[in-house]
Amino acid sequence: MSPRDRLAVALLLVSTFVVILNETIMGVALPRLMDDLAITAGTAQWLTTGFLLTMAVVIPVTGFFLQRTTTRGAFLTAMGLFSLGTLVCALSPGFEMLLVGRVVQATGTAVMLPLLMTTVMTVTPPASRGRTMGNISIVISVAPAVGPTLSGLILSVLDWRWMFGLVLPVALAALALGALRLPDVTQPRHARVDVVSVVLSAVAFGGLVLGMSRVGEVVAGGLQPATAAALVAGAAGLTLFVARQLRLQRTDDALLDLRVFRSRTFAVSVGLMAIMMMALFGVIIMLPIYAQDVLGLDTLRTGLMLLPGGLLMGLLAPLVGRAYDRVGARPLLLPGTVLVSTATWGMALLLGEQTQPWLLVAAHLTMSAGLALVFTPLFTSALGAVSADRYSHGSAIIGTVQQVAGAAGTAVFVTVLSAVAADRAADGASALVATAEGVHAAFLVGAVLTLPAIAGALAVRSAPAGAAVAGHH
């Protein structure tokens with residue numbers, strides 16, 4: 001890789017880390033925001049839901065957007081929007097303006113990840129892709145894990161607006177550096193935008209993420225009409241969206257080119273990624289609830305408990321990337337999926353009302369080690385199996401699947417927790433016992449979900465990257 005390309009990748013990595021950090025920074029802060037802004041839990045949740053929803057709507061369009069725009073143009077758009085959103089959040093006097101800021105932030109965030117992946121696949125020779133993708137895995141896995149810890153630290157000494165105030169100078173510095181130094185490493189080409197596809201994509205992915213994020217709010221009283229409507233609209237939108245893409249890709253006019261799924265390696269890798277993202281997001285949301293509501297720990301200690309796992313993923317990712325370049329995907333995926341499944345089963349079977357916090361840290365560390373072994377091979381195998389002219393589409397599909405699977409994981413875990421806790425409370429159990437049993441049931445469902453991933457790991461083609469020729473697997 002030339003020094004020019006290395007600079008481009010480094011700048012994109014740092015910027016993507018900053019923007020992804022914001023995806024999970026709100027979780028720990030919601031109780032404080034509810035007090036400060038006098039809003040209910042359901043309203044406060046929109047600060048996270050709105051962010052994920054915007055990501056789900058914008059990411060599918062990025063495949064098309066990245067083809068039409070230069071690397072620099074796409075970066076300045078993404079970081080400019082993110083910086084503006086962060087400024088709005090930092091200055092917001094109340095909930096409405098804060099929500100607007102979060103949506104603007106998410107629009108920028110949605111462009112960054114596909115931009116980073118497309119750029120890396122374009123400039124990195126196949127023989128060293130694993131190493132570079134290992135660095136991307138650090139960004140994708142560590143940033144969400146560090147978010148809750150960082151917000152816990154900030155909130156223990158400062159006002160919630162500082163969560164954005166401290167990020168803003170870093171975002172502006174990256175924006176300025178990009179404007180001055182970022183080279184154009186991809187060639188834009190004319191691509192026609194299909195407006196119907198954009199609308200269907202927004203209905204499909206927006207409806208699914210909205211529906212799934214609202215499912216968890218419904219306790220045993222059944223599905224609310226608005227939530228059901230969002231899920232039905234999402235499913236119908238997705239069916240129509242896929243049908244339209246299949247028609248448009250014959251003339252190379254698809255918003256998301258689904259021909260990438262003709263590669264078995266791509267299809268299996270994306271399926272595995274969905275399962276792993278569901279497990280990751282489900283656990284990220286469940287552990288703080290368990291630590292605070294069952295074990296009675298405060299937000300700072302809860303955040304610090306999740307930190308070792310995030311750091312372990314960060315330390316392992318470059319090593320896993322180098323190993324991938326030598327041995328390929330399967331020797332890493334098999335132990336990785338087994339570790340994730342073992343950790344989730346451990347949480348399901350060992351966590352109760354009297355569990356020692358160190359057990360929680362140990363289970364989270366085991367899961368983090370497994371995810372570190374899984375993410376880099378999956379990203380690299382998936383995109384390595386796609387021809388170069390479809391990298392932007394492959395990246396956009398991976399980003400979309402991450403968002404939808406993250407929302408689905410959160411929905412599954414929270415729904416099971418709510419339903420079981422409500423059921424136990426109705427039987428006369430105390431709030432603590434009801435929550436503990438709800439958490440136990442959620443982890444049990446999550447553990448069952450991880451089992452197909454072990455079989456899937458055996459199905460990923462395992463050529464070391466050095467032997468791969470992009471587009472011919």
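## Helix packing, cores and loop residues

Asn22 touches Phe51, Phe82, Arg102, Gln105, Phe164 and Val167, when residues up to four places away in sequence are not counted. The model in which these contacts occur is a predicted one. Asn22 lies in the loop between helix 1 (3-21) and helix 2 (30-37), and because its relative accessibility is 0%, Asn22 counts as buried.

One of the residues that Asn22 touches, Phe82, also takes part in the packing of helix 5 against helix 9, where it appears on the helix 5 side of the contact. Helix 5 (residues 71-91) and helix 9 (residues 168-181) pack with their axes 9 Å apart and at an angle of about 160°. Angles over 145 degrees count as roughly antiparallel, which means that helix 5 is roughly antiparallel to helix 9. The crossing of these two helices is left-handed. From helix 5, the residues Arg72, Phe75, Leu76, Met79, Gly80, Phe82, Ser83, Thr86 and Leu87 meet Leu168, Ala171, Leu172, Ala174, Leu175, Gly178 and Ala179 of helix 9. Sorted by class, this contact between helix 5 and helix 9 has 11 nonpolar, four polar and one charged residues.

A further pair is formed by helix 15 (residues 357-384) and helix 16 (residues 391-426), whose axes come within 10 Å and cross at roughly 140°. That angle makes helix 15 oblique to helix 16, and helix 15 passes helix 16 in a right-handed crossing. Phe379, Ala382 and Leu383 in helix 15 meet Tyr391, Gly394, Ser395, Ile398 and Gln402 in helix 16, and by class the contact of helix 15 with helix 16 has five nonpolar, three polar and no charged residues.

The two helix pairs can be set side by side.

| Helix pair | Axis angle | Axis distance |
|---|---|---|
| Helix 5 and helix 9 | about 160° | 9 Å apart |
| Helix 15 and helix 16 | roughly 140° | within 10 Å |

Both contacts include a residue that stands out in the nonpolar interior, namely Met79 in helix 5 and Ile398 in helix 16. The largest nonpolar core has 123 residues, and among these Met79, Ile398 and Phe443 touch the most other members. Helix 12 (residues 264-294) gives the most to this core, with 19 residues. Leaving aside neighbours within four places in sequence, Met79 is in contact with Ser15, Val19, Met112, Ala171, Ala174 and Leu175. A second, separate core of 18 residues includes Phe95, Ile154, Trp160 and Phe164; of these, Phe164 is also among the residues touched by the buried Asn22.

Helix 15 also holds Thr366, which counts as partly exposed because its relative accessibility is 28%. Thr366 and Gly336 are 30 residues apart in sequence, while their C-alpha atoms are 9.7 Å apart in space. Apart from its neighbours within four places in sequence, Thr366 is in contact with Leu339 and Ala343.

Two loop residues complete the picture. Ala38, in the loop between helix 2 and helix 3 (41-44), has a positive phi of about 55° although it is not a glycine, and with a relative accessible area of 68% Ala38 is exposed. Asp252, in the loop between helix 11 (225-248) and helix 12, is likewise not a glycine and has a positive phi of about 60°; its relative accessible area of 54% makes Asp252 exposed.

Terms used. Residues are numbered from 1 along each chain as its sequence is written. This is a predicted model: local features need pLDDT of at least 70, side-chain atom pairs count only at pLDDT 80 or more; totals for chains, interfaces and linings use all residues. Side-chain values use heavy atoms; hydrogens and water are left out. Axes are lines fitted to C-alpha atoms, for helices over the stretch in contact, and angles run from 0 to 180 degrees between N-to-C directions. Helices (H or I, at least four residues) and strands (E, at least two) are DSSP runs, numbered from the N terminus. Angles under 35 degrees count as roughly parallel, over 145 as roughly antiparallel, 65 to 115 as roughly perpendicular and the rest as oblique. A crossing is left-handed if the near helix is turned anticlockwise from the far one by less than a right angle, and right-handed if clockwise. Contact means heavy atoms within 4.5 Å. Ala, Val, Leu, Ile, Met, Phe, Trp, Tyr, Cys and Pro count as nonpolar, Asp, Glu, Lys and Arg as charged, and the others, Gly among them, as polar. A nonpolar core is a set of buried Ala, Val, Leu, Ile, Met, Phe, Trp, Tyr and Cys residues joined through side-chain atoms within 4.5 Å. Buried means under 20% relative accessible area, exposed over 50%, partly exposed in between (1.4 Å probe, protein chains only).
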